[in-house]
Amino acid sequence: MSLVNFESLTNLSLAADMDESSKQLLTEVLVLVLARAIRSDTNIEPAEIVTVQKILADVLGESISAADIKVAASSELFERQSLDRYLKKATRKLNDEDRILIMQCLVHVLRSDDHIRESELDYFDRIANALKATPSEIAGLRAGPAH
């Protein structure tokens with residue numbers, strides 16, 4: 001499975017098997033959001049790439065090379081249509097847990113180089129808005145028993 005072709009993301013309305021397509025969509029959105037995060041400040045740090053690789057391995061069980069992460073970070077796909085617009089479409093297909101997971105992983109990536117820049121904060125806010133993440137979701141709060 002290629003993680004950087006974004007096939008599910010570009011063909012949201014063509015998904016036949018919702019379970020498999022949902023997993024594929026989560027994988028593609030997570031790779032895209034995290035890869036784009038490492039270049040949101042135009043300064044790609046090795047620690048950020050390693051963090052993205054670790055998150056993808058831990059969360060998705062997927063191994064992705066540093067080269068593939070850099071390709072995803074520089075993908076021309078979103079020059080035709082904005083990242084925000086694609087994420088807004090994807091949000092309709094992602095469940096709340098997936099959106100929260102994406103936001104939590106994004107926080108880890110932004111903190112990975114021990115310096116958060118203004119452009120990274122702007123990127124985080126754009127992603128949160130596009131995914132329609134609420135403040136409580138961003139904070140990791142959910143109704144139910146406290147963990």
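This passage describes the overall make-up of a predicted protein model and then turns to helix α8, its contact with α6, and the surroundings of Arg99.

Starting with the whole chain, the secondary structure amounts to nine helices and zero strands. Read from the N terminus, the order of elements is accordingly α-α-α-α-α-α-α-α-α. The protein chain has 147 residues, and 44% of them count as buried. Its accessible surface is about 8100 Å², with 49% of that area belonging to carbon and sulfur atoms. As for how the chain meets itself, 73% of the contacts with a separation of 6 or more are between residues 24 or more positions apart.

Helix α8 offers a good place to look at the fold in detail. This helix spans residues 118-130, 13 residues in total. From the first C-alpha to the last it reaches 18 Å, close to the 18 Å expected at 1.5 Å a residue. Its buried residues are Glu120, Tyr123, Phe124, Ile127, Ala128 and Ala130. Because these residues cover an arc of only 165 degrees around the axis, they fall on the same side of α8. The face turned away from this buried side carries Glu118 and Asn129, both exposed. Just after the helix, Lys132 adopts a positive phi of about 55 degrees.

A neighbour of interest for α8 is helix α6, which covers residues 83-91. The axes of the two helices come within 8 Å and cross at roughly 35 degrees. On the α6 side, the contact is made by Leu83, Asp84, Leu87, Lys88 and Thr91, while α8 contributes Tyr123, Arg126, Ile127 and Ala130. By residue class, this contact divides into five nonpolar, one polar and three charged residues. Of the α8 residues taking part, Tyr123, Ile127 and Ala130 also appear among the buried residues of that helix.

Attention then moves to Arg99, which lies in helix α7, residues 96-111. Is this arginine buried or exposed? Arg99 counts as buried because its relative accessibility is 7%, and the cut-off for that class is under 20%. Leaving aside neighbours within four places in sequence, Arg99 is in contact with Thr91, Leu94, Leu131, Lys132, Ala133 and Glu137. Two of these partners have already been met: Thr91 belongs to the α6 side of the contact with α8, and Lys132 is the residue with positive phi just after α8. Arg99 can also be placed relative to Leu30: the two are 69 residues apart in sequence, and their C-alpha atoms are 9.4 Å apart in space.

Key: Residues numbered from 1 in each chain as written. Predicted model: local features only at pLDDT ≥ 70, side-chain atom pairs only at ≥ 80, totals over all residues. Heavy atoms only, no water. Helix = DSSP H or I, 4+ residues; strand = E, 2+ residues; numbered from the N terminus. Expected span 1.5 Å × (residues − 1). Buried < 20%, exposed > 50% of the residue type's maximum accessible area, 1.4 Å probe, protein only. Arc of directions from axis to C-beta. Contact = heavy atoms within 4.5 Å. Areas by Shrake-Rupley, 256 points an atom, 1.4 Å probe, with all protein chains shown as cover. Axes fitted to C-alpha atoms, helices over the stretch in contact; angles between N-to-C directions. Nonpolar A, V, L, I, M, F, W, Y, C, P; charged D, E, K, R; others polar.
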